[in-house]
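Dear colleague,

I am handing over a structure that I have been reading through, and I would be glad if you looked at it alongside these notes.

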Amino acid sequence: MSVRPHIVLRDADREDAPALISLWAECAGGSDEGSEAFTQQSLWREPGVAEAAAALEFNLSQRDKRIIVALIDGEMVGATVCTVGTLTPINLTRVLIVTEIQVSPRYRRKSVASTLLSAAASYGEEHNCEIVVAAIPVQSREPHRYLTKIGFNQIAVVRAIQASKLRSRLTMKATNSRDTGKLIAVRRTLRRRTDARGHSRT
């Protein structure tokens, strides 16, 4: 029986930028195959160290947000992000939202994910969270199976689109809707005129 490696957890900091870039890139490269995986990989853009450090600083400055990293023999092999919020904007039921459950493909099935989730659960308990929500990429079949196995149920679907494309689509839809409305109004006017001429002849 193989001995499980000793996993050390700590909070991420700005200096972890290079290691986290490597972890994210390794996980993105090891995604499952399929159209969903291709879509997810196309959304991934590897940042430079300065950008990653600035992003870490921004995220760590957010209230009730925590980034936990896992290390084995000094190497960063996993990470997750925890955010405390409310179930809806109009009630005080607290929820812990766990995102970016990243584990190096070389260290999967070595309790890294469960150790990270255990730390996340403790963080949620400290903030009186009644519900834990985990958001992971749709194509990550293994994490989905793992979360289902330990009791997570699907409660939502998260979809993504580029902001510029969304604005373009909405503008196009609104324009088409106005044009269609004008066309219908013109047709109705012509129909009324035709009917009026028919009545006047009789």
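Below is what was found, going from the overall fold to the core and then to the charged side chains.

The model is predicted, so local features need pLDDT of at least 70 and side-chain atom pairs count only at pLDDT 80 or more, while totals for chains, interfaces and linings use all residues. Residues are numbered from 1 along each chain as its sequence is written, and side-chain values use heavy atoms, with hydrogens and water left out.

The chain has 6 helices and 5 strands (DSSP runs, H or I of at least four residues for helices and E of at least two for strands, numbered from the N terminus), and their order from the N terminus is β-α-α-α-β-β-β-α-β-α-α. Of its 202 residues, 25% are buried (under 20% relative accessible area, with exposed meaning over 50% and partly exposed in between, for a 1.4 Å probe and protein chains only).

The largest nonpolar core (buried Ala, Val, Leu, Ile, Met, Phe, Trp, Tyr and Cys joined through side-chain atoms within 4.5 Å) holds 21 residues, and among those touching the most other members are Ala 70 and Val 112. Helix 4 gives the largest share of this core, 6 residues.

There are 8 salt bridges (a side-chain nitrogen of Lys or Arg within 4 Å of a carboxyl oxygen of Asp or Glu). In one of them Arg 14 meets Glu 57 at 2.2 Å, N to O, and this pair links distant parts of the chain, 43 residues apart. Arg 14 is partly exposed, at 39% relative accessibility, and Glu 57 is partly exposed as well, at 49%.

Best wishes
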